[in-house]
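Open the model in your viewer and keep the sequence panel visible. This tour goes from one selection to the next and says what is there.

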Amino acid sequence: MRSHYCTDIDEKNIGEIVEVCGWSNNSRDHGGVIFIDLRDKSGLVQLVCDPADSKEAHEIANKVRDEYVLRAKGKVRARGEGLENPRLKTGKIEIVVEELVIENASEPVPFVIGDNSVGEETRLKYRYLDLRNPKAYETFKLRSKAAIAARNLLDSRGFLEVETPILTKSTPEGARDYLVPSRVHNGEFFALPQSPQLFKQLLMCSGFDRYFQIAKCFRDEDLRADRQPEFTQIDIEMSFCTQEDVIEVTEALLKDIFAACGHEIQTPFRRMRYKDAMEKYGSDKPDLRYDLAMVDVIDIFERCSNEIFSSIAKDKKKNRIKALRVPNGDNIFSKRQMKGFEDYVRKFGASGLGYFQMKEDGLKGPLTKFFEESDLEEIIKVCDLQVGDAVFFGAGAKSLVLDYMGRFRIFLANEMNIIPEDVFEFLWVVDFEMFEIAEGKVKALHHPFTMPKDLDAPIDEMESIAYDVVLNGVELGGGSIRIHKKEIQQKVFELLGISDEEANEKFKFLLDALKFGAPPHGGLAMGLDRLIMLLTKSESIRDVIAFPKTQRAQCLLTQAPSPVENEQLRDLGIRLREKPKA
């Protein structure tokens, strides 16, 4: 039906007859001549319907309203002097219409296409209208390029694309499963996969050597701006590999994806041990576009005369006292603001927040009276303080201090507006702790199939061969070298408190596979949605998913989830309990 897309036409086409199709973005009647901005996926071009050129086309144009579907044929001409539109790619030309067809009319739309002031709920309810915005098209065009680049790179490296099941077995992977009742086996359930983890390990046991998949995954968890109940990840697994092999492939993969999307990135990426990331930045996904690293000052505070600090400092294994230097902070923030920062950290469990100001004649502030002059000099040295700096202190239990000081670091960076926008700062976080222990319970920090570095190390010090790739403070993906020996897997289950009976019930198929010559293997999964969100600088992951769910896990477009007929429930052997009355 068309000879060109709207923005394919420019001055080189002047004098040519062209045919275009699209939607009426708007129309204007200027003294009997009707102008229509025609929009397709590429953008806008101006149509001119003059009765002197075509009376019939002019009569049809007079009926056109916003979002009518049109087909037009006409001659390209240059716009008159002073009538060019520099905001449009086609702003130097227009099409004088000879033939105009209304392919379909439109009722008045609930919002103007491209109006960003419209509430998100309205845009999601009419998502098909929201996606008519050429900016949305560009987002999904970029997403498509990223997926194709990933497939091409992995194919060139000998990876085989394999689809793994969507209906599978419920296994503990950290979040709640979405369950699907079985009609054939009443009272039994499938689960939607949280990841293809077990199946890709089985493919390695099958001798496939290198696998990848752009996989749909499902997690029934509380939602945030970068979470969805269903999401897409680029999933890879390799046999006979080391951590270095997985990292090299991932960096090559990201380099090609970013190149396809118009960005050049440098490899290799920086690396940081998990413990160092937590101690310096209070996060296992630190944003390194700016500094503001924390410094340990617990030894100095142990000597101060303030009993609260000195008592905290006596237990260096369980507690932390961290200093956060803010360059020029004394000049940026008033004393009132500095005291107000205490309210921010209290929201995350802090009991308080101390601070010093670096003046010409040394450190000043309410805490200085508790320190000897020599200790104040050591604080200046350890924190590398310069005149005009401010330094904040957090003290208490290790996990609490690292958490709220890490959050405070990000808060200060935003307050100071020091985060560069057009920078991609990648980081590998490696040597993760194998387990996390809370309230006497042992949990796998990644997942229970991760290879420990030393199985004989104390459980609270054991590290794993696990790695996360981080971009601008967002975890893009993570992976590990997997356990390929049954006896190691059984030992890890034992440390996690998973009995042989429970392990066989949930993982028998994997444990059986490990008995029959499983090769060493490892891999990584990377969130495609998050990656595109960062590439397009979108505020929410919902902006880069064609038909996303809300933060309440609802699809406003289709009104899912929704009730089903009682007959369907009977077929599944399900009876719903009445909701308790409020």
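Which residue follows α16, and what is the sign of its phi? The residue is Lys537, and its phi is positive, near 55°. Keep in mind throughout that this is a predicted model.

**The whole chain**

Show the protein chain as a cartoon. Its secondary structure comes to 17 helices and 22 strands. Along the principal axes, the C-alpha atoms fill a box of roughly 95 × 75 × 60 Å. The chain has 582 residues, and 48% of them count as buried. Now consider the contacts in the chain with a separation of 6 or more: residues 24 or more positions apart account for 67% of them.

**Helix α16 and its partner α4**

Select residues 528–535, which form helix α16. Eight of the eight residues of α16 are buried, so this helix is largely enclosed by the rest of the structure. Among the buried residues are Leu528, Asp529, Arg530 and Leu531. The list also includes Ile532, Met533, Leu534 and Leu535.

Add residues 134–156, helix α4. The axes of α4 and α16 are 10 Å apart, and the two helices pack at an angle of about 125°. An angle between 115 and 145 degrees counts as oblique, and α4 and α16 are therefore oblique to each other. The crossing of α4 past α16 is right-handed. To see the contact, show side chains for Thr139, Leu142, Arg143 and Ala146 of α4, together with Leu528, Asp529, Ile532 and Leu535 of α16. By class, these residues divide into five nonpolar, one polar and two charged.

**From α4 to α6**

Keep α4 on screen and select helix α6, residues 243–260. What is the angle at which the axes of α4 and α6 cross? They cross at roughly 140° and come within 8 Å. The two helices are therefore oblique to each other, and their crossing is right-handed. On the α4 side, the contact is made by Lys145, Ala146, Ala149, Ala150, Leu153 and Leu154. On the α6 side, look for Val249, Ala252, Leu253, Asp256, Ile257 and Ala260. This contact has ten nonpolar, no polar and two charged residues. Ala146 appears in the contact of α4 with α16 and also in the contact of α4 with α6.

**Strand β10 and its neighbours**

Next, select residues 230–239, strand β10. Nine of the ten residues of β10 are buried, so the strand is largely enclosed by the rest of the structure. Strands of a sheet pair through backbone hydrogen bonds. Show β9, residues 210–218: nine bridges join β9 to β10, and the two run antiparallel. One pair to pick out is Phe218 with its bridge partner Glu230 in β10. Then show β22, residues 521–527, which is joined to β10 by seven bridges and also runs antiparallel to β10. Here Ile236 has Leu524 of β22 as its bridge partner.

**A buried threonine**

Select Thr164, in the loop between β6 and β7. Is Thr164 buried or exposed? The cut-off for buried is under 20% relative accessible area; Thr164 has 13%, so Thr164 is buried. Leaving aside neighbours within four places in sequence, Thr164 is in contact with Pro196, Phe199, Leu203, Tyr211 and Gln213. For a sense of scale, draw a distance from Thr164 to Phe371. The two residues are 207 apart in sequence and 62 Å apart in space, C-alpha to C-alpha.

**The barrel**

Go to the strands β1, β2, β3, β5 and β4. In that order they form a closed barrel of five strands with mixed pairing. On average, neighbouring strands of this sheet are turned by 55° against each other, direction ignored. Within the barrel, pick out β1 (residues 17–30) and β4 (residues 69–78), which pair in the antiparallel sense over seven bridges. Cys21 has Arg71 in β4 as its bridge partner.

**A hairpin**

Select residues 435–438 and 441–444, strands β18 and β19, which pair in the antiparallel sense over four bridges. Ile437 stands opposite Val442 in β19. The hairpin has two residues between the strands, and in it Glu439 takes a positive phi near 55°.

**Helix α7**

Finish with residues 274–281, helix α7, where Tyr274, Ala277, Met278, Glu279 and Tyr281 are buried. Elements covering these buried residues include β11, β12, β13, α13 and β17. Just after α7 comes Gly282, with a positive phi of about 65°.

How values were computed:
Residues are numbered from 1 along each chain as its sequence is written. This is a predicted model: local features need pLDDT of at least 70, side-chain atom pairs count only at pLDDT 80 or more; totals for chains, interfaces and linings use all residues. Side-chain values use heavy atoms; hydrogens and water are left out. Buried means under 20% relative accessible area, exposed over 50%, partly exposed in between (1.4 Å probe, protein chains only). Contact means heavy atoms within 4.5 Å. Two strands pair if DSSP finds at least two bridges between them. Axes are lines fitted to C-alpha atoms, for helices over the stretch in contact, and angles run from 0 to 180 degrees between N-to-C directions. Angles under 35 degrees count as roughly parallel, over 145 as roughly antiparallel, 65 to 115 as roughly perpendicular and the rest as oblique. A crossing is left-handed if the near helix is turned anticlockwise from the far one by less than a right angle, and right-handed if clockwise. Ala, Val, Leu, Ile, Met, Phe, Trp, Tyr, Cys and Pro count as nonpolar, Asp, Glu, Lys and Arg as charged, and the others, Gly among them, as polar.
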